[in-house]
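Biologist: Please choose one part of this model and look at it closely, starting with paired charges and then working outward to the packing around them. I would like the cut-offs stated as you go.

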Amino acid sequence: MTGYSLRDRLALVAGLVCPFLVAIVLVPFRTDLSRTNAALILVVVVVAVAALGSRAAGALAALSSAAWFDFFLTRPYETFDIHTSADIETAVLLLVVGVIVSQLAARARRLEVITVTDADYLARLHETAELAQSAKSSDTVVDHVRGQLTELLGLRGCRYEYGTLLGQPPRLEQDGNVSVGRRRRDVDACGWPDGEIELRTYGNGHYLGRFMLTPGPGPVPTLQARLVAVTLADQTGAALDTAGR
């Protein structure tokens, strides 16, 4: 968990503990409360954890909810055995629905971050979208986005590599976080990692190239700015895919 931000670490703990606590609260009512209603209450817990944390926290909350639903709220009580097919179906649906809604809640959290950005961010996205539709050459879009990324992220340098995937530099991920190898780096607390940072572009799920970002000496841009940068890279990938690069 050392690669996660403090907020994400707290969300993971909540994903593990909160379903347990809610299931215990429901124990006095388990003979009167229908299994479906109990499962829906636990789904609400999953959504809350995912909205405040991450997909991983939401998925953990879904697993924890299914386990404690089985243990506390299905017969025989306080065992992980389930004897009726209806309870098995409810537990499985709780797990499946919990995982699905956790993904949606986490994605909604990211989209909300983009929605509340200032007019400058929105103008950059709109301008790039228009250029991607009207430009005769995909290189025009790439050059435009290079300039946008340099300004947006306060970079000292930014270059684009077509179809190259050499080495394992730090990466700016789709959620606006930065990974170094298999670990996530809390750039808000620790700053940019040393060296260039890659920002990959995809078209229809296919890797097309990457922007290589050289951070400047200023503070790390906000999460909102980093998410806008990721969206600009997505627009570049769409333009390259349309042009057949």
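Modeller: A salt bridge is taken here to be a side-chain nitrogen of Lys or Arg within 4 Å of a carboxyl oxygen of Asp or Glu. The model is a predicted one, in which local features need pLDDT of at least 70 and side-chain atom pairs count only at pLDDT 80 or more, while totals for chains, interfaces and linings use all residues. Residues are numbered from 1 along each chain as its sequence is written, and side-chain values use heavy atoms, with hydrogens and water left out.

By that rule the structure holds 13 salt bridges. The part I have chosen begins with one of them, in which the side chains of R159 and E196 meet at 2.8 Å, N to O. This pair links distant parts of the chain, since R159 sits in strand β1 and E196 in the loop between α7 (187–190) and β5, 37 residues apart; helices (H or I, at least four residues) and strands (E, at least two) are DSSP runs, numbered from the N terminus. For exposure, buried means under 20% relative accessible area, exposed means over 50%, and partly exposed is what lies in between, with a 1.4 Å probe and protein chains only. R159 is partly exposed because its relative accessible area is 35%, and E196 is likewise classed as partly exposed, at 27%.

A second salt bridge joins the side chains of E198 and R200, at 3.0 Å from N to O. Here E198 is buried because its relative accessible area is 1%, and R200, at 15%, also counts as buried. Salt bridges that share partners connect R159, E161, R171, E173, E196, E198, R200 and R210 into one network. A further salt bridge is formed by the side chains of D175 and R184, at 3.3 Å from N to O. D175 has 29% relative accessibility and so is partly exposed, and R184, at 27%, is partly exposed as well.

From the charges we can turn to the packing, and L172 makes a convenient bridge between the two topics. Not counting residues up to four places away in sequence, L172 touches N177, V178, I197, E198, L199, L213, R226, A229 and V230, where contact means heavy atoms within 4.5 Å. E198, which takes part in the salt bridge with R200, is thus one of the residues that L172 touches.

L172 also belongs to a nonpolar core, that is, a set of buried Ala, Val, Leu, Ile, Met, Phe, Trp, Tyr and Cys residues joined through side-chain atoms within 4.5 Å. The largest such core has 28 residues, and those touching the most other members are L149, L152, L172, L199, F211 and L213. Two or more of its residues come from each of α5 (119–134), α6 (138–153), β1 (155–162), β5 (197–203), β6 (206–215) and α8 (223–243). The largest share, 8 residues, is given by α8. Apart from this core lies another, of 21 residues, among them L26, A38, F71 and F72.

Helix α8 also holds T236. T236 is buried because its relative accessible area is 0%, and, leaving aside neighbours within four places in sequence, T236 is in contact with V141, V142, V145, T201 and F211. F211 is one of the core residues that touch the most other members.

Two cysteines complete the view. A disulfide would be a pair of cysteine sulfur atoms within 2.5 Å, and by this rule the count comes to 0. C158, at 10% relative accessibility, counts as buried, whereas C190, at 53%, counts as exposed.

Finally, the backbone of the loop between α3 (55–73) and α4 (85–115), where P76 is found, deserves a careful look. Most residues other than glycine have a negative phi, and most peptide bonds are trans. R75 and P76, however, are joined by a cis peptide bond, with omega of about -10 degrees. E78, which lies in the loop between α3 and α4, is not a glycine and yet has a positive phi of about 60 degrees. At 49% relative accessibility, E78 counts as partly exposed.
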